[in-house]
Amino acid sequence: MNRPEVHNAFDETLIAEMTAALLQIGNDSSVRVIVLAGRGKSFSAGADLNWMKRQGSASMAENLADAERLAELFRILSECPKPTIARVHGAAMGGGMGLAAACNICIASTQASFATSEVKLGIIPAVISPYVIRAIGERQAYRYFQTAERFHADRANVIGLAHEVVAPEQLDEMVSLLVAALLAGGPMAQAASTELIRAMANRPVTRELIGETADRIARLRATPEAKEGLTAFLEKRPPAWIRN
């Protein structure tokens, strides 16, 4: 995100540009990992206040269409077939916290801070709620959605939002380590893994679910990627997706 003068706040232009970029690189076979970052002091301050002010005087139909475009951005990010990493170096407020939650992995600097700050503006964190609640859980959401408290990276780690917290000078190193780990995995298997998580999360363990897990692994074993991975392991060589 490259709007440092407004702390990478969302407006209709940034929403459209991010949506288009995610769709493009999500379907680009040469791209293996997506790292979402922000220029300037902040990761993202959430919604641009001037944009919100314009929406406040818009019609209900215009407001709904605008909200749907923002919701679609978060859905596309969350369901991206590539592994996604949020590199959070500063403030991640409102929608910025939503971006961090929607990514598969969140790495935060000790200087990072987070909040679902919407109630202070008389609104709610609606379109980000599925991703934030998934990340921090219902119990924590009751607190932070209503208090709009600002909390730091260590707290984000404790409640499940940030996977790792590192010193600012170590942030890029940690991101690079994770990228290297992700590049070692099969790209089809990683996409299937994210689909697996979405399909299995919060479901009771039933015979139907057990059967679905067996079906998923059986189908994947027959793919060229799986055959290459097993052959490479037995031959003690890197698989083709690493050599390429």
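This report describes the overall form of a predicted protein model and then a few of its residues.

**Basis of the values**

Because the model is predicted, local features need pLDDT of at least 70 and side-chain atom pairs count only at pLDDT 80 or more, while totals for chains, interfaces and linings use all residues. Residues are numbered from 1 along each chain as its sequence is written, and side-chain values use heavy atoms, with hydrogens and water left out.

**Overall form**

The protein contains 11 helices and seven strands. Helices (H or I, at least four residues) and strands (E, at least two) are DSSP runs, numbered from the N terminus. The radius of gyration is 19 Å, close to the 18 Å that the globule rule gives for 244 residues, so the protein is as compact as a globular protein of that length. That radius is taken over C-alpha atoms, and the globule rule is 2.2 Å times the number of residues to the power 0.38. The C-alpha trace spans about 60 × 45 × 35 Å along its principal axes.

Of the 244 residues, 41% count as buried. Here buried means under 20% relative accessible area, exposed means over 50%, and partly exposed lies in between (1.4 Å probe, protein chains only). The protein exposes about 13500 Å², of which carbon and sulfur atoms supply 57%. Accessible areas come from the Shrake-Rupley method with a 1.4 Å probe, and for residues only the protein chains shown count as cover.

Among the contacts with a separation of 6 or more, 68% are between residues 24 or more positions apart. A contact means heavy atoms within 4.5 Å. As for charge, the protein has 26 positive and 26 negative charges, and their mean positions are 4 Å apart. Lys and Arg count as positive and Asp and Glu as negative, whereas His and the chain ends are not counted. Each charge is placed at NZ of Lys, CZ of Arg, CG of Asp or CD of Glu.

**Cysteines**

A disulfide is a covalent bond between the sulfur atoms of two cysteines. In the search used here, a disulfide is a pair of cysteine sulfur atoms within 2.5 Å. Zero disulfides are found in the whole structure. Cysteine 80 is in none, and its nearest cysteine sulfur, that of cysteine 103, lies 8.9 Å away. Cysteine 106 is likewise unpaired, with the sulfur of cysteine 103 again the nearest, at 7.8 Å. Cysteine 80 counts as buried at 4% relative accessibility, and cysteine 106 counts as buried at 1%.

**The segment before helix 1 and serine 44**

Histidine 7 is placed in the segment before helix 1 (12-26), and asparagine 8 lies in that segment too. Phi of histidine 7 is near 55°, a positive value in a residue other than glycine. Asparagine 8 also has a positive phi, near 55°, and is not a glycine. Histidine 7 is partly exposed at 34% relative accessibility, whereas asparagine 8 is buried at 0%.

Both residues are on the contact list of serine 44. Serine 44 is found in the loop between strand 1 (34-36) and helix 2 (49-56), and its relative accessible area of 0% makes it buried. Leaving aside neighbours within four places in sequence, serine 44 contacts Met1, His7, Asn8, Ala9, Phe10, Ala91, Ala92, Met93, Gly96 and Leu99.

**Residues in helices**

Proline 130 belongs to helix 5 (residues 129-147) and is partly exposed at 47% relative accessibility. Alanine 180 sits in helix 7 (residues 171-183) and is also partly exposed, with a relative accessible area of 47%. Alanine 232 lies in helix 10 (residues 224-234) and is buried, with a relative accessible area of 1%. Not counting residues up to four places away in sequence, alanine 232 touches Arg237, Pro238 and Pro239.

The table gives C-alpha separations for three pairs of residues.

| Pair | Distance along the chain | C-alpha separation |
|---|---|---|
| Proline 130 and lysine 227 | 97 residues | 36 Å |
| Alanine 180 and valine 33 | 147 residues | 9.5 Å |
| Serine 44 and methionine 97 | 53 residues | 7.8 Å |
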